Amino acid sequence: MEAESSTARTRVMGRTPFRGRTRPDAEDSSADGAALMARKAAHKAAFSRGLRGAPPVTSTVPEEKVRLLVIEDSPLDYELLLATLAMQGVGATGVRVETGGELSAALARERWDLVISDHELPGFSSGEALAIVRALPAPPPFIIVSGVIGEETAVDAMRAGADDYLIKGRLARLGTAVRNALAAAQARRDKAEAERLLQLSQQQLANLSQRLQSMLDEERAAIAREIHDDIGGTLTAVRFDIEGLRRHLAPGALPRLERAHSALTEASTAAQRIQQNLRPPSLDAGLAAALEWQVRQYRERHGADVRFEASGAKREVHEAAALAVYRTCQEALTNIAKHAAARSVEVHLHHGAAVVSLEVSDDGRGLDASALLKPGSLGLRGLAERARAAGGGMEIGSGGGRTTLMLWLPRAPAEVAA
Ligand SMILES: Nc1ncnc2c1ncn2[C@@H]1O[C@H](COP(=O)(O)OP(=O)(O)O)[C@@H](O)[C@H]1O
Ligand SMILES: [Mg+2]
């Protein structure tokens, strides 16, 4: 049986009445399908009753025509289906197919708004048809209209992704079922689109955050360079001058010179510290040494009990990971100083075979999940983003009287920076 085009349908639609006509294809049926045909014929009368019982057209608002693909071996049933839809206010252009091959070809050829399938066809079934349709990347909604579907089969079909099923004898709600299925399909498309846009904006946010992190690093390095070259250089020159003056000054002026000298030493130390905070002291010398320096600084400044421990065989860590560990430790310690009111702090660096990890914990006041959502607080979120970009992750949480920040990163450069 050839598929019928929408023009054929328009012509068919012009012929009335539908009832009482003999099946034009009865003689063409294959022997295999003969028994099925007989069974189907028994449903014909019920089908016609269903058509008579259909509610009158409630809406005459012209809608865009629904592009309908109908899997049906009986041209008459197909006509009745379209006529019922028309009577129920659903304008449709349809094509009828009978076999899996025809169905696949029609699906490949064009886009359909809806597939309506008979349940049992000679050598084919609605289940197989549904499987073919559901395998499409964006499957159209699927309604089963059949005289011979049991409740269990119908439930199975719905589970397999069918949108609805109707009995041929009771097509009063066909129009509603079609409208609902189309609305549900539209809702699925809208949801998929919203999800796509959400993912896109999350990706953009992640990119922006990564870019901000690297700009911060570049900016810090530039300021550190200026402090070193300009301020550091000038301070060294002044130190030489002071040393030179010592020999020429009257003894009474020496205490003032000493004061100037120690102020200068303080300024030099401060410049060095600021510089090191801005740009980590060479991480090549070892991550552990760099973190130890941070811990020492913290202890001197805050007088807290801070312990540092490194474990695992020392292995080389690639630069981006080392910098991420360094910055994370820096932010964790700053946060503890700012927010935690802790008495004891522990910093633990672990070199694993493939992963380098950092754990910073404190016994302070703790935090809950809402802390990470504060609009103006970007420290932890920025670090989590940096860790993710480097192929690792970062988590922070409180429990058992301690707040613990965990960072893990692959030692080798990340292959994906999604
Ligand atoms: N160790 C900690 N103990 C208690 N609260 C913390 C700790 N670390 C972070 N927080 C909480 O998490 C919030 C977010 O931290 P962060 O992203 O670094 O931003 P910021 O430090 O600028 O506020 C902080 O405002 C603070 O409330
Ligand atoms: Mg912070």
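Author: Two strands count as paired if DSSP finds at least two bridges between them. The model discussed here is predicted.

Reader: In E6, which residue is the bridge partner of valine 115?

Author: Strand E3 covers residues 114-117, and strand E6 covers 142-146. E3 and E6 run parallel and are joined by 3 bridges. Within this pair, the E6 residue bridged to valine 115 is phenylalanine 142.

Reader: How many bridges does E3 form with E1?

Author: E1, residues 66-71, lies alongside E3 in the parallel sense. One of the pairings puts isoleucine 71 opposite serine 117 of E3. The number of bridges over which E1 and E3 pair is 4.

Reader: Which residues of E3 point the other way from Leu114 and Ile116?

Author: Leu114 and Ile116 point one way from E3, and both are buried. The residues that point the other way are buried too. They are Val115 and Ser117.

Reader: Which element gives the most residues to the largest nonpolar core?

Author: This core has 38 residues, and those with the most contacts inside it include Leu114, Val115 and Ile116 of E3. Among the elements that give two or more residues to the core are E1, strand E2 (92-97), E3, E6 and helix H7 (174-246). The element that gives the most, with 6 residues, is H3.

Reader: Which residues does leucine 114 touch, not counting those up to four places away in sequence?

Author: Leucine 114 is one of the residues with the most contacts inside the largest nonpolar core. With residues up to four places away in sequence set aside, leucine 114 touches Val66, Leu68, Pro140, Pro141, Ile143, Val178, Ala181 and Leu182.

Reader: How many residues are in the other core?

Author: The other core lies apart from the largest one. Its members include Cys329, Leu349, Leu383 and Trp408. Its number of residues is 35.

Reader: Is aspartate 118 buried or exposed?

Author: UniProt, in an unreviewed entry, lists Asp118 for "modified residue: 4-aspartylphosphate". Aspartate 118 lies in the loop between E3 and strand E4 (120-121). Beyond its neighbours within four places in sequence, aspartate 118 is in contact with residues including Glu72, Asp73 and Asp77. Because 26 other C-beta atoms lie within 10 Å, and the cut-off is 20 or more, aspartate 118 is buried.

Reader: How far apart are the end C-alpha atoms of residues 184-218?

Author: An unreviewed UniProt entry annotates residues 184-218 as "coiled-coil region". In the model this stretch is 100% helix and 0% strand. The distance between its end C-alpha atoms is 51 Å.

Reader: Which helix gives the most residues to the shell around ligand 1?

Author: The 20 residues around ligand 1 include Asn335, Ala371, Ser377, Gly379 and Leu380, which come nearest. By class the shell has 7 nonpolar, 7 polar and 6 charged residues. Helices H10 (319-340) and H11 (379-389) each supply at least two residues of the shell. The helix that gives the most, with 6 residues, is H10.

Reader: How far apart in space are alanine 324 and leucine 383, C-alpha to C-alpha?

Author: Alanine 324 is found in helix H10 and is buried because it has 24 C-beta neighbours inside 10 Å. Residues that alanine 324 touches, not counting those up to four places away in sequence, are Arg386, Ala387, Ala390 and Leu409. In sequence, alanine 324 and leucine 383 are 59 residues apart. In space, their C-alpha atoms are separated by 7.5 Å.

Reader: Is alanine 341 buried or exposed?

Author: Alanine 341 is found in the loop between H10 and strand E9 (344-351). Its phi is positive, about 50°, although alanine 341 is not a glycine. With 12 other C-beta atoms within 10 Å, and a cut-off of 12 or fewer, the residue is therefore exposed.

Reader: Which residue in the turn of the E11 and E12 hairpin has a positive phi?

Author: Strand E11 (393-399) and strand E12 (402-410) run antiparallel and are joined by 7 bridges. One of the bridges links serine 398 to threonine 403 in E12. The hairpin has 2 residues between its strands, and the one in the turn with a positive phi of about 60° is glycine 400.

How values were computed: Residues numbered from 1 in each chain as written. Chains lettered and ligands numbered in written order. Predicted model: local features only at pLDDT ≥ 70, side-chain atom pairs only at ≥ 80, totals over all residues. Near = placed C-beta within 6 Å. Nonpolar A, V, L, I, M, F, W, Y, C, P; charged D, E, K, R; others polar. UniProt positions renumbered as here; feature names shortened; annotations may be inferred. Contact = placed C-beta atoms within 7 Å. Core = buried A, V, L, I, M, F, W, Y, C linked by C-beta atoms within 7 Å.
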